[in-house]
Amino acid sequence: MRIDVVSIFPEYLAALDLSLIGKARQDGLLQLQVHDLRDFTTDRHRTVDDTPYGGGAGMVMKPEPWAQALESLVASPESDTPAVASRVVDQVSAGERVETQLETPQPAAARPILIVPSPAGEVFNQALAYELALEDHLVFACGRYEGIDERVLEWAAEHFRVRPVSLGDYVLNGGEVAVLAMVEAVGRLVPGVVGNPESLVEESHSDGLLEYPVYTKPSDWRGRGIPEVLLSGNHAKIARHRRDEQVRRTAERRPDLIAALDPEMLDKADRATLSTLGYTITPTQVQPATPMSGVAAEATRHTP
Ligand code: JCQ
């Protein structure tokens, strides 16, 4: 897989030289390049930002450096996709068009994906990580300041499948940290990158529940023991205990995940656990522990 990252702080991405992802790069499984957006400016001061039309706080990233940087990546010889190499260059008489399409447009599905980290994007999750891990070429555009001139994303859609992507509902100073997270989440799913693929299998049959707690030696640590069943050698009992812990901590920490469960996926013991926690299970849904009552219910009830 080829990954390109464009940023005004390329040093931020130095962490991608380390650990699993760094090893995958050394092994040639990931072809990862980081590019400095300022290298695509043409003025003395290497300017990448300007004031926003319509006024308001902060600065906006100028379109032209972005267009130059992104153009350099679609046309780049680093790509080994035959779709690019074999594309025909049209005959265009000199001066006929000012800014013209030089090449036959690529079928949309053959275009690289351009990921733009943004609090205004679709939310990144494991399903998207799996989807991206199947791609040949990913490009990440790290915005800073108040964001990138919107026309860059419109224009880029002619060359890329553009995906604004959010890590969650909070604001970062720029896209770099979000890219570190996404490259790690995607990179570890690329075949051969993770040393032990069994750890991927275990998490992939994750059933919409949080993981169970784990323990290692010593069995007594600062007066704290471990669940006795884990020392029993009874594998069926251990599996049951772990599943119960998954259900319990998911109900405690992520009631949204419990509400999203398909009741068909719950066995008798799961139902008993959820019941104890106050949940009601109908054939089609798992209902929350504490249904709203009194004022809150009254305020939300639209059809009395
Ligand atoms: C990503 N959740 C938050 C910051 C502007 C594209 O323009 C901008 C991008 C950023 C970085 O992304 C985030 C983010 N997921 O802040 C400002």
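## The protein as a whole

What percentage of the 304 residues of the protein count as buried? In this predicted model, the share is 35%. As you look over the fold, you can trace 11 helices and nine strands.

The contacts tell you how the chain comes together. Take the contacts between residues at least 6 apart in sequence: 70% of them join residues at least 24 apart. On the outside, the protein exposes about 18,900 Å², and carbon and sulfur atoms supply 54% of that area.

## Who surrounds the ligand?

Now turn to the ligand, which has 13 residues around it. Those that come nearest are Leu 167, Gly 168, Tyr 170, Leu 172 and Gly 174. Strand β5, covering residues 113-123, gives the most to this shell, with three residues.

Which classes of residue make up the shell around the ligand? Seven are nonpolar and six are polar, while no charged residues appear.

## Polar contacts and cover

Some of the nearest residues also meet the ligand through their backbone atoms. Leu 167 places a backbone N or O atom 2.7 Å from a nitrogen atom of the ligand. For Gly 168, a backbone N or O atom lies 3.2 Å from a ligand nitrogen atom. Leu 172 has a polar backbone atom 2.9 Å from an oxygen atom of the ligand.

How much of the ligand's accessible area does the protein cover? On its own, the ligand has 410 Å² of accessible area, and the protein covers 93% of it.

Terms used
Residues numbered from 1 in each chain as written. Predicted model: local features only at pLDDT ≥ 70, side-chain atom pairs only at ≥ 80, totals over all residues. Heavy atoms only, no water. Helix = DSSP H or I, 4+ residues; strand = E, 2+ residues; numbered from the N terminus. Buried < 20%, exposed > 50% of the residue type's maximum accessible area, 1.4 Å probe, protein only. Contact = heavy atoms within 4.5 Å. Areas by Shrake-Rupley, 256 points an atom, 1.4 Å probe, with all protein chains shown as cover. Near = heavy atom within 4 Å. Polar contact = N/O pair within 3.5 Å; in protein donor to acceptor, adjacent residues only side chain to side chain. Nonpolar A, V, L, I, M, F, W, Y, C, P; charged D, E, K, R; others polar.
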